[in-house]
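Please open the structure in your viewer and keep the selection tool at hand. The tour below goes from one selection to the next and says what is found at each stop.

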Amino acid sequence: MASSSSSIDEEGIEKQEVTPLEKHVMFFDINKDGVIYPWETYKGFRKIGSGVLLSTVASIFINIGLSGKTRPAISRFRVDLSQCEVELQKVSGERDALRLLCSQKDEVINDLQADLAKAHEEEAELDKQGKWPSPLFPIEVKNIKFAKHGSDSDVYDTEGRFVPEKFEELFKKHARTNGNALTASELDELLKANKQPKDFAGHIAAKSEWKVLYLLCKDEHGLLPKDTVRSVYDGSLFELMAKAKQSKKHERG
């Protein structure tokens, strides 16, 4: 079961908590304004020990790939559209169960269907506009759940929450040499197993993420530890890597 992403404050008001997926990317929000620009992604990669070339390529690839998906207008609209579809399904179900109120429900359903048709038209127009990304390629942290790609492990759910069962399943299926780590070949098998038909973009994104993680975090035996992978998902790994690099820098200095 995914962990909850909301809590109740002292006044009894529900407030939204930061999801693990948001924590995962917040490290790269250098100035903590909720928006990640390519130069911040570059600085983040440099902070965890990546070279200039990898940091440059990663910042371009990540921001171009995710910016359009997290743009507020499209993301907010899709939430509203989803809610409209849920409400339509709910009312349609009530109509089937309560035939005596059929005429009233039909009127409500007709209105919802008209709104939904209009919403789909507007979504198509927004999608068309969204193909032209901001020239600065910003990533909106609060909308990062909309950038979740296909061919992944589903350790994050659609809301960006961590799913422990999926994480454990990942190692049960693929970590055969060492139950608490992945080898390079096992990682390749994982990526192959997760690849969805005709999902070239999702597969490339997943492969890039895992390969960079393996490159930066494998141990001296060529193993990618389970604890390291979990720290990626809970958002703590990058901070730990940055502190470790800073500590080594002080020791040398």
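Begin with glycine 202, which, leaving aside its neighbours within four places in sequence, is in contact with His149, Gly150 and Ser151. Bear in mind that this is a predicted model. Glycine 202 belongs to helix H8, residues 200–217, and it counts as buried because its relative accessible area is 3%, where buried means under 20%. If you also select aspartate 152, which is 50 residues away along the chain, you will find the C-alpha atoms of the two residues separated by 7.4 Å.

Next, select serine 50, in the loop between helix H2 (38–47) and helix H3 (52–67). This serine 50 is buried as well, with a relative accessible area of 2%, and, apart from neighbours within four places in sequence, its contacts are Phe45, Ser55 and Leu216.

Now turn to the aromatic rings, of which the structure holds ten pairs. Select phenylalanine 27 and phenylalanine 238, which form a tilted pair with 5.7 Å from centre to centre and 35° between the planes. Phenylalanine 27 lies in the loop between helix H1 (20–26) and strand E3 (35–36), while phenylalanine 238 lies in helix H10 (residues 237–252), so the pair ties together parts that are 211 residues apart in sequence.

Finally, select phenylalanine 167 and phenylalanine 171, both in helix H6 (residues 164–174) and four residues apart, about one turn of the helix. Both of these phenylalanines are buried, and ring pairs link them with Tyr156, Phe162 and Tyr233 into a cluster. Add lysine 226, whose charged end sits over the ring of phenylalanine 171, 5.7 Å from its centre, and then arginine 230, whose charged end sits over the ring of phenylalanine 167, 5.6 Å from its centre.

How values were computed:
Residues are numbered from 1 along each chain as its sequence is written. This is a predicted model: local features need pLDDT of at least 70, side-chain atom pairs count only at pLDDT 80 or more; totals for chains, interfaces and linings use all residues. Side-chain values use heavy atoms; hydrogens and water are left out. Helices (H or I, at least four residues) and strands (E, at least two) are DSSP runs, numbered from the N terminus. Buried means under 20% relative accessible area, exposed over 50%, partly exposed in between (1.4 Å probe, protein chains only). Contact means heavy atoms within 4.5 Å. Rings of Phe, Tyr and Trp (its six-membered ring) pair if their centres lie within 6.5 Å; planes under 30 degrees apart count as stacked, over 60 as edge-to-face and the rest as tilted. A charge sits over a ring if NZ of Lys or CZ of Arg is within 6 Å of the ring centre and within 35 degrees of the ring normal.
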